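Let's take a walk through a few spots in this chain where the backbone or a side chain deserves a second look. Have the viewer ready and follow along loop by loop.

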Amino acid sequence: MSDLIIEKLNYVKEFNGKKQASQTTLNNNAKMFIKLEKIANKNNFYYDFTLVKNLLKDYSVSTQINYITIILQLLEYDKIKTNKDTIKVIELYKKYIDGLHETKKSNAYNNIASNDKKQAVLNLTINDINNVITKLKSNGYFKDALMIDFLMAFPCRLEVCNLKYIKLDEYTKLKRKNQLGDDNYIVIGSKKSYVSRGDYKTSDTYGRLEMELKPPLKTKIFNYIKDNNIDFNESVFGYTPQDLAKRLHYITGKMNNGVSISTNIICKLATTNNVINAVGGDTEIFDKIEKVNNAIEEVGKIRGTSKTTMNNSYIIRNPKQ
């Protein structure tokens, strides 16, 4: 059963010219569908929009979106491969999932979670992160502390797990020969050092990213590499993405009263902290940003111009008083 669902999901992706999902994602999607089918206890249950909507009503918005995305792909398969008339039910699901996406965006914007456990994560602060780092160090979890320190400075995703240590001159040679491939590196030089990532979620869009690694984080990482005898081209932290996700969930929860800290919430806190620091600690900046965006958008509607174009071309940055 699972293999058949995976085959259908793959077929639809290929038919529409879209990038195939990873095997892990496909396996998880198949398991999700089978689980819902068992609860429904009905053949072709996904044709019954009202039934599915009722089955999903107590799930989080994100989980509902995941389920309906899978169902839409299976309905698409039935339309293409078996000539089933699925147009009307597809439209029902599409309209519903559009509403879920709007809810998800609104919740993210307003820092609202779907349950108390997730809300506790969204209520975390920079002080909570710093306290976890301090506790990790005092309990001898130096690698975990350094990883979170790194993520606060470079709020990337789980690719932090496989950053390879390389000297700047060797990195420069590989770059000149176009032999960096998709690897991720911590590049250490006597004067300048970098974090260079070629393998991350949105690399197809943004390509290789190179960011300067500065003290004191550079010093901490170099000392960690030296103290742990990490060789060139060896992973600094030595995790797989899956293992790192599990590790962060476990160790941060242990140090933070059961509230785990993911790369996602670290990014939110780091971004928020950077914005506030950029304007001298003005914690009301986000209300001001919203007012500015609304004003720009309103003029854009009158002119018939996008907010991006208005922001880039129609704002006088230093207006005369």
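**Backbone turns and a buried serine**

Start with Asn-257, which sits in the loop that joins helix 12 to helix 13 (263–278). Keep in mind that you are looking at a predicted model. Asn-257 is not a glycine, yet its phi is positive, near 55°. Its relative accessibility is 76%, and because exposed means over 50%, Asn-257 counts as exposed.

Now step back along the chain to the loop between helix 11 and helix 12 (241–255), where you will find Asn-233. Here again a residue other than glycine has a positive phi, this time of about 65°. Is Asn-233 buried, exposed or partly exposed? With a relative accessible area of 44%, Asn-233 is partly exposed. As background for both asparagines, most residues other than glycine have a negative phi, and most peptide bonds are trans.

That brings us to a peptide bond of the other kind: the one from Pro-215 to Pro-216 is cis, its omega being near 5°. To locate Pro-216, look in the loop that runs between strand 4 (209–212) and helix 11 (217–227).

Our last stop is Ser-193, in the loop between strand 2 (184–188) and strand 3 (194–197). At 0% relative accessibility, Ser-193 is buried. What does the side chain of Ser-193 reach? The partner is the backbone nitrogen of Gly-189, at 3.1 Å. Setting aside neighbours within four places in sequence, Ser-193 is also in contact with Val-187 and Ile-188, with Met-211, Glu-212 and Leu-213, and with Lys-218.

Notes: Residues numbered from 1 in each chain as written. Predicted model: local features only at pLDDT ≥ 70, side-chain atom pairs only at ≥ 80, totals over all residues. Heavy atoms only, no water. Helix = DSSP H or I, 4+ residues; strand = E, 2+ residues; numbered from the N terminus. Buried < 20%, exposed > 50% of the residue type's maximum accessible area, 1.4 Å probe, protein only. Polar contact = N/O pair within 3.5 Å; in protein donor to acceptor, adjacent residues only side chain to side chain. Contact = heavy atoms within 4.5 Å.
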